[in-house]
Amino acid sequence: MATEELQATEAAERQDHMPVHGIDHLEIFVGNAAQAAYWYVHAMGFKEVAYRGLETGRRDRVSRVLEQGRVRLVLTGTLNGDDEIGDHHRRHGDSVVDIALSVPDAEKAYLTAVEHGARGLETPRWLEDDHGRVQVAAIATYGEVRHTFIQRDEYQGAFLPGYAHRADPNRGPDNMLLGIDHVVGNVQLGHMEEWVHFYERVFGMTEMIHFSDEEISTEYSALMSKVVTDGNGRLKFPINEPAQGKRKSQIDEYLEFHNGAGVQHIALATTDIVGTVSELTDRGVEFLRTPDSYYEEVPGRVGDIKEDLDDLARLGILVDRDDEGYLLQIFSKPTGDRPTLFFEIIERHGSRGFGEGNFKALFEAIEREQELRGNL
């Protein structure tokens, strides 16, 4: 058997033990779910589709389920403050606590994960109501982030048992944001390899790209990153760690204000980044800016693209090309008071990369913000 065929066979065998449909939802612990939901609806264009709280019989927390395209966010806040949600928010601020995964068999996924070295958090159990039943289980990953396995093929309700229906989701092409492209985690120095091996071992993922501190650096700071992905590309998890530099890197700043490892940013896919970013900007979303000099080099570096370069410069959208095509991307400023969680908007035209050619411009933009905060 040829080397390429052998590698493909070995990769398929690794992936077979943990089939995953994709990301079911992301749960974010927030300080005030009502106010956070207002921002996500009115600024980011989401729709609230389900709710759980006092009115549904839940006495300790409130959760608001928001959807746009195939993106589902659950914003959860505490009702008394003296619980795990309150403790988590005091330590981390608004923070992703759960990257929930849709699976065909939650019990099998949990047992397989634990067998391959994952730490179990919740053993498999069924949740039921008049709309059917859902099986859930959970394992730990970096920091206090968890992966909840969701098996929902026997459920017809709004989200999960115990949630009240608020509105029907809009899954048509009118949405600005259509899906989750990737979710990026920041970990402490020396722990990137640990979590890369975790995803390879537990989920059968493979290392897609490796960026060294020489590739991701500026005059002042640097970081290292590896991207793991499943066989069909539905899951892409970049893992970052800080590297030695003259000053504090963006990863160091994140780890300090988040008080440990966690999700740094969520990349959301669109098919019209110019229209989407224009609309989001009008709605009050703030994005990092790039100097005009960046766009002088784009034609020679990237070549022909269908978008108008003047539109990209006006909005601050970055563009990069690899062997398979090009992509456009832009990064929001942090969504909360702490310089931690933010969003990326990305549009791909064949490219499977992550904007390597934009790293220097992006990090310099982040460093300008760090300097304003006194954290560079």
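Colleague: Let's start with helix 2. Which of its residues are buried?
Modeller: In this predicted model, helix 2 covers residues 33-42, and its buried residues are A33, A36, A37 and Y40.

Colleague: How do those buried residues fall when you look down the axis of helix 2?
Modeller: They fall within an arc of 100 degrees, so they line one face of the helix.

Colleague: And which residues are exposed on the other side of helix 2?
Modeller: Q35 and Y38.

Colleague: What do the buried residues of helix 2 pack against?
Modeller: Five strands. They are strand 1 (22-29), strand 2 (47-52), strand 3 (61-68), strand 4 (71-78) and strand 17.

Colleague: Strand 17 is in the open sheet, right? What is the strand order there?
Modeller: The order is 11-12-13-10-14-17-16-15, so to speak from one edge to the other. That makes eight strands in an open sheet, with mixed pairing.

Colleague: Which strands stand at the edges?
Modeller: Strand 11 (206-211) and strand 15 (318-322). Each has a single partner strand, so one side of each is left without a neighbour in the sheet.

Colleague: What does the twist average from one strand to the next?
Modeller: It averages 25 degrees.

Colleague: Back to strand 15. How many bridges join it to strand 16?
Modeller: Five, and the two strands run antiparallel. Strand 16 spans residues 325-331. For one bridge, V319 has L328 in strand 16 as its partner.

Colleague: Which strands does helix 7 touch?
Modeller: Helix 7 (residues 273-282) packs on the sheet and touches strand 16 and strand 17 (342-349). Its direction makes about 160 degrees with that of strand 17.

Colleague: Now V184. Where is it?
Modeller: V184 lies in strand 10, residues 179-186.

Colleague: Why does V184 count as buried?
Modeller: Because its relative accessibility is 3%, and the cut-off for buried is under 20%.

Colleague: What does V184 touch?
Modeller: Leaving out residues up to four places away in sequence, V184 touches Y142, P238, N240, G262, V263, Q264 and H265.

Colleague: And what separates the C-alpha atoms of V184 and L341?
Modeller: 10.0 Å, with the two residues 157 apart along the chain.

Colleague: You mentioned Y142. Which aromatic cluster is it in?
Modeller: Y142 clusters with F149, W195, F198, Y199, F203 and F237.

Colleague: How many aromatic pairs does a search of the whole structure find?
Modeller: 13. One of them is W195 with F198. Their ring centres are 5.1 Å apart and their planes are at 65 degrees, so the pair is edge-to-face.

Colleague: Where do W195 and F198 lie?
Modeller: Both are in helix 5 (residues 192-203). They sit three residues apart, about one turn of the helix.

Colleague: Are W195 and F198 buried or exposed?
Modeller: W195 counts as buried at 15% relative accessibility. F198 is buried too, with a relative accessible area of 4%.

Colleague: What about the rings of Y294 and Y295?
Modeller: Their centres are 4.8 Å apart and their planes are at 80 degrees, so that pair is edge-to-face. Y294 and Y295 are both buried.

Colleague: Last topic, charges over rings. Which ring does the charged end of R133 sit over?
Modeller: The ring of W126, at 3.6 Å from its centre.

Colleague: And R348?
Modeller: The charged end of R348 sits over the ring of F354, 5.4 Å from its centre.

Notes
Residues are numbered from 1 along each chain as its sequence is written. This is a predicted model: local features need pLDDT of at least 70, side-chain atom pairs count only at pLDDT 80 or more; totals for chains, interfaces and linings use all residues. Side-chain values use heavy atoms; hydrogens and water are left out. Rings of Phe, Tyr and Trp (its six-membered ring) pair if their centres lie within 6.5 Å; planes under 30 degrees apart count as stacked, over 60 as edge-to-face and the rest as tilted. Helices (H or I, at least four residues) and strands (E, at least two) are DSSP runs, numbered from the N terminus. Buried means under 20% relative accessible area, exposed over 50%, partly exposed in between (1.4 Å probe, protein chains only). A charge sits over a ring if NZ of Lys or CZ of Arg is within 6 Å of the ring centre and within 35 degrees of the ring normal. Two strands pair if DSSP finds at least two bridges between them. Axes are lines fitted to C-alpha atoms, for helices over the stretch in contact, and angles run from 0 to 180 degrees between N-to-C directions. Contact means heavy atoms within 4.5 Å. The arc is that of the directions from the helix axis to the C-beta atoms.
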